[in-house]
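Me: I should like a close look at a single part of this protein chain, namely its largest nonpolar core. Please describe which residues form the core, where they come from, and how the rest of the chain relates to that picture.

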Amino acid sequence: MGRFINPFTDVGFQNAVFRRLAEVAEVSALSKEERIKYDSALKRYRDTLNTINGAEEKGRAEGRAEGRAEERLANAKSLLANGISMEIIAKSLNLTKEEIKKLL
């Protein structure tokens with residue numbers, strides 16, 4: 001069962017809130033020039049984080065696609081071994097006859 005966080009009594013939550021308030025106060029106390037530098041650094045950080053997250057998601061998607069392709073080829077190999085025609089395998093698994101011939 002999840003733990004209910006009471007913001008009035010949970011010390012960890014209060015510390016997090018007060019840390020966040022301190023960060024906001026520090027940023028609001030910056031000079032105009034410092035604020036511009038801060039905002040620029042924060043933007044670079046967020047852009048980098050988004051780039052990393054996007055690359056990770058792209059890698060996962062590519063891995064899933066590669067896994068599906070390998071599975072289709074393994075299924076085709078199994079069907080060939082059981083005497084199913086190349087035409088039926090190609091049509092059923094959305095493979096080309098050339099891809100299936102490579103399995104022979």
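Reply: The account below begins with the model as a whole, turns to the core, and then considers the N-terminal part.

The model is a predicted one. Its mean pLDDT is 85, and 87% of the residues in the protein chain reach 70 or more. The chain has four helices and zero strands, so that the order from the N terminus is simply α-α-α-α. Of its 104 residues, 9% are buried. The accessible surface comes to about 8800 Å², with carbon and sulfur atoms accounting for 58% of that area. Among contacts with a separation of 6 or more, 14% join residues that are 24 or more positions apart.

Against this background, the largest nonpolar core consists of seven residues, namely Ala76, Leu80, Ile89, Ala90, Leu93, Leu95 and Ile100. Two helices, α2 (32–81) and α3 (86–93), each supply at least two of these residues. The largest share, three residues, is contributed by α3. Helix α3 is also where confidence is highest in the chain, at a mean of 93.

Leu93, one of the core residues, shows how the two segments meet. With residues up to four places away in sequence set aside, Leu93 touches Arg72, Asn75, Ala76 and Leu79. Ala76 is itself a member of the core.

The N-terminal part calls for separate treatment. Confidence is lowest in α1, at a mean of 74. Where pLDDT is low, predicted coordinates should not be read in detail. Helix α1 spans residues 11–28 and includes Val27. Val27 is buried because its relative accessible area is 15%, below the 20% limit for that class. Beyond its neighbours within four places in sequence, Val27 is in contact with Arg35 and Tyr38. The C-alpha atoms of Val27 and Asp39 are separated by 9.5 Å, the two residues being 12 apart along the chain.

A nonpolar patch is found on the surface as well. Val17, Phe18 and Leu21 together make this patch, which covers about 290 Å²; Leu21 lies in helix α1.

In summary, the seven-residue core draws at least two residues from each of α2 and α3, while Val27 in helix α1 is a buried position with contacts to Arg35 and Tyr38.

Technical notes. Residues are numbered from 1 along each chain as its sequence is written. This is a predicted model: local features need pLDDT of at least 70, side-chain atom pairs count only at pLDDT 80 or more; totals for chains, interfaces and linings use all residues. Side-chain values use heavy atoms; hydrogens and water are left out. Buried means under 20% relative accessible area, exposed over 50%, partly exposed in between (1.4 Å probe, protein chains only). Contact means heavy atoms within 4.5 Å. Accessible areas come from the Shrake-Rupley method with a 1.4 Å probe; for residues, only the protein chains shown count as cover. Patches are made of residues with over 30% relative accessible area and no salt bridge: like charges are joined within 9 Å, nonpolar side chains (Val, Leu, Ile, Met, Phe, Trp, Tyr) within 5 Å. A salt bridge is a side-chain nitrogen of Lys or Arg within 4 Å of a carboxyl oxygen of Asp or Glu. A nonpolar core is a set of buried Ala, Val, Leu, Ile, Met, Phe, Trp, Tyr and Cys residues joined through side-chain atoms within 4.5 Å. pLDDT is the predictor's confidence in each residue, from 0 to 100.
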